[in-house]
Amino acid sequence: MNTLFETLTKDDMKAKMFFGALLLSAVVASSSCGGSNSSSNGSNVGGNSGGKDAETEKPVAGTDGNKYVAYEERTGDESIVYFTRDLSAAGLIKAYEKVSEGITGKVGVKLHTGEQNGPNIIPREWVKALMEKDLKDANIIETNTYYEGDRYTTELHRKTLEINGWTFCPVDIMDEEDTVTIPVTGGKWFKKMAVGSHLLNYESMVALTHFKGHTQGGFGGSNKNIGIGCADGRIGKMWIHTTPGSEDMWDIKEEEFMERMTESCKATIDYFAGHVSYVNVMRNMSVSCDCEGVAAEPVVTPDVGILSSKDILAVDQACVDIIYAMTAEEHAAMVERMETRHGLRQLSYMKELGMGNNRYKLIDLDNGGVEISAMDAAKDLKPFIQK
């Protein structure tokens, strides 16, 4: 069944929905916790055993997620990443329009809309201006949360969306009705990932990401926005976060967590087959995720700008490189958060899975498109001031 599911095209949306539901039913039937096999720290969810017998050989997480790899130590091709210091609606539009190629058909804008009154989310006015100019018929797309809070149910989620001002365009809570599975190609933890069923209604996606720290992931870039944000709130997120039977719903941590999240992301971007663009906004960068809302740690890292690319690894890597290029005082909190959570494994695992390049040309949109370095982008930053 997996083979048939993987060969369907985007014109077969209804068929995909049907087969996805069958696949998910099989998974749920196999275990109330989302998988029947055990892993080194959790489950081989979705029946995956890395192509081997799960009883004799279990997946092993990678290492060195707490170690930063300097640019000169990397190998491979270079991708293009665009950069502007213009933190405004105009800057967001400028960055997006450089990577808008291939965004066709029905478009979902994957955005972290935040908990109620969260102070650090991307300003609604910026997103509204972008969508009115370039994405007139698009929807914002989200999923419900795994934890109990203001976005745990669709009813609560819609109330939070209203409070936070996401009322200027349709917001599609993709797991409002159902969950389906899509294939994970080349993963060791998953063969498939459970996502909101409405994901299959879209032909293109714009990942509009607030780059910041993250309590468990170390940092939240495009990989986290998609990998956690498209997984449905009850099954997919559980597969990523929790060992079946564990009393701690967040027990999967460090490298294994980064790999599971990344495989989930890969499933979604593979589904869109290149019709994805990535825009990362480096503003109001608390070490906390927007899911912490008003409880987020105070912002102490300077604002930087907006980056965009057609390469998910390149854009997340460039953001991390700019953080490391800051002065020791400027980046202390963010570096500590990334390294103590082993979050840099997100980058190395994206490279291993063939999701992009960790080398890139950084193009300065403010100065005629000249190529600059991460060090150039991090120069003369001003201390953060809450506005």
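This section describes the overall make-up, nonpolar cores, largest pocket and selected residues of a predicted model.

The protein chain comprises 387 residues, of which 59% are buried, and its secondary structure consists of 12 helices and 13 strands. Among the contacts in the protein chain with a separation of 6 or more, 77% are made by residues 24 or more positions apart. The mean pLDDT of the chain is 88, with 84% of the residues reaching 70 or more. Two stretches have a pLDDT below 50: for residues 1-43, the model nevertheless contains 93 contacts beyond near neighbours in sequence, and for residues 47-56, 17 such contacts are present.

The largest nonpolar core contains 72 residues, and those with the most contacts inside it are M193, F211, I226, M282, L307, I322 and I323. Helix α9, spanning residues 312-325, supplies the largest share of this core, namely 11 residues. For I323, the contacts outside its neighbours within four places in sequence are with F211, M282, M285, T301, H331, M334, V335 and M338; of these partners, F211 and M282 are also listed among the core residues with the most contacts. A second core, separate from the one just described, has 32 residues and includes A138, V206, I306 and I363.

M193, another of the residues with the most contacts inside the largest core, is found in strand β6, which covers residues 192-196. Because its relative accessibility is 0%, below the 20% limit, M193 counts as buried. When residues up to four places away in sequence are not counted, M193 touches V180, T181, I182 and V184, together with A231, G236, W239, I240, S264 and A267. With I182, which lies 11 residues away along the chain, the separation between C-alpha atoms is 5.5 Å.

The largest pocket has a volume of about 460 Å³. Its lining is formed by 27 residues, and Y147, H214, H241, W250 and C291 are those that lie nearest the centre of the pocket. Three elements give two or more residues to this lining, namely α6 (222-227), α7 (236-241) and α8 (254-272). When the lining residues are grouped by class, seven are nonpolar, 11 are polar and nine are charged.

Two residues other than glycine are noted here for their positive phi values. E254, for which phi is near 50 degrees, is found in helix α8, and because its relative accessibility of 35% falls between the limits of 20% and 50%, E254 counts as partly exposed. A273, with a positive phi of about 50 degrees, is instead found in the loop between α8 and β10 (276-282); since its relative accessible area of 55% is over 50%, A273 is classed as exposed.

A further residue, T154, lies in helix α5, which covers residues 154-163. Its relative accessible area is 18%, which is under 20%, and T154 is therefore buried. Leaving aside neighbours within four places in sequence, T154 is in contact with N144, I173 and E176.

Conventions:
Residues numbered from 1 in each chain as written. Predicted model: local features only at pLDDT ≥ 70, side-chain atom pairs only at ≥ 80, totals over all residues. Heavy atoms only, no water. 1 Å grid on protein atoms, 1.4 Å probe; cavity = no way out; pocket = protein on both sides within 12 Å on 5 of 7 lines; lining within 4 Å. Points joined across faces, edges and corners; volume = space filled by probe spheres on them. Helix = DSSP H or I, 4+ residues; strand = E, 2+ residues; numbered from the N terminus. Nonpolar A, V, L, I, M, F, W, Y, C, P; charged D, E, K, R; others polar. pLDDT = per-residue confidence, 0-100. Contact = heavy atoms within 4.5 Å. Core = buried A, V, L, I, M, F, W, Y, C linked by side-chain atoms within 4.5 Å. Buried < 20%, exposed > 50% of the residue type's maximum accessible area, 1.4 Å probe, protein only.
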